[in-house]
Amino acid sequence: FISFKKEFFFLMVLLASGFSAYAQFPAPYCTVTFTNGVEPITLVQIAGINSTSSAVIGGPEIQDFTAMIGNVTAGVSYPITLKGNTDGMYTNYFRVYIDWNQNNVFTDTGESYDIGTIVGSTGADAVILTGNIAVPLTALGGSTRMRVMKRFNAYPTGPCQTGAGFGQAEDYTLAV
């Protein structure tokens, strides 16, 4: 009986740590899910970041590109260029989240930017979306997480998108 209790305890600890690790993409930020499928982001350009990814449908729902760093200055606006595969003549919406106050969430006022839509793109063609990111004067200095999200037919439900939908998310670092 004692052996069973020990094994049960270790199993519970293992399960708890497994779920905790899953909930944190890369720590301490949340993960996302697109249960209908992954339609990839294929280009993110902003402030020195020039990230290209495969246009093949499928792959990870969220990608960790936080080793790529863009340099920004508080009070300045930066153009952002985005591309992605819409998997046919469909509309995809891009939203960017930036944790300007570095409190490990993207849900504070002024931390999301609706960049716009693309339609009917292979992700490798000439269809691009360009917008602007205005860095607030109140942005804290240092490393700041940026999440780029793309979703079919509507803007993402939030920076921690879960459930139905087609899309993808990518995380980067901005140095303020």
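**Note on the disulfide and the four-stranded sheet**

1. The torsion about the S-S bond of Cys 30 and Cys 160 is about -85°, so this disulfide is left-handed. The two sulfur atoms lie 1.9 Å apart. The structure holds one disulfide. Keep in mind that the model is predicted.

2. Where do the two cysteines sit? Cys 30 is in the loop between helix H1 (2–23) and strand E1 (37–38). Cys 160 is in the loop between strand E9 (143–152) and strand E10 (166–175). The pair therefore ties together parts that are 130 residues apart in sequence.

3. Next, accessibility at the two ends of the bond. Cys 30 has 19% relative accessibility, so it counts as buried; the cut-off is under 20%. Cys 160 has a relative accessible area of 36% and is partly exposed.

4. Now the sheet. Four strands form an open sheet in the order E3-E2-E5-E8. The pairing is antiparallel. Strands E3 (49–52) and E8 (129–134) stand at the edges. Each has a single partner strand, so one side of each is left without a neighbour in the sheet. On average, neighbouring strands of this sheet are turned by 20° against each other, direction ignored.

5. One pairing in this sheet can be followed down to residues. Strand E2 covers residues 41–46, and strand E5 covers residues 77–84. They pair in the antiparallel sense over four bridges. Which residue in E5 is the bridge partner of Gln 45? The partner is Thr 81.

Key:
Residues are numbered from 1 along each chain as its sequence is written. This is a predicted model: local features need pLDDT of at least 70, side-chain atom pairs count only at pLDDT 80 or more; totals for chains, interfaces and linings use all residues. Side-chain values use heavy atoms; hydrogens and water are left out. Two strands pair if DSSP finds at least two bridges between them. Axes are lines fitted to C-alpha atoms, for helices over the stretch in contact, and angles run from 0 to 180 degrees between N-to-C directions. A disulfide is a pair of cysteine sulfur atoms within 2.5 Å. Buried means under 20% relative accessible area, exposed over 50%, partly exposed in between (1.4 Å probe, protein chains only).
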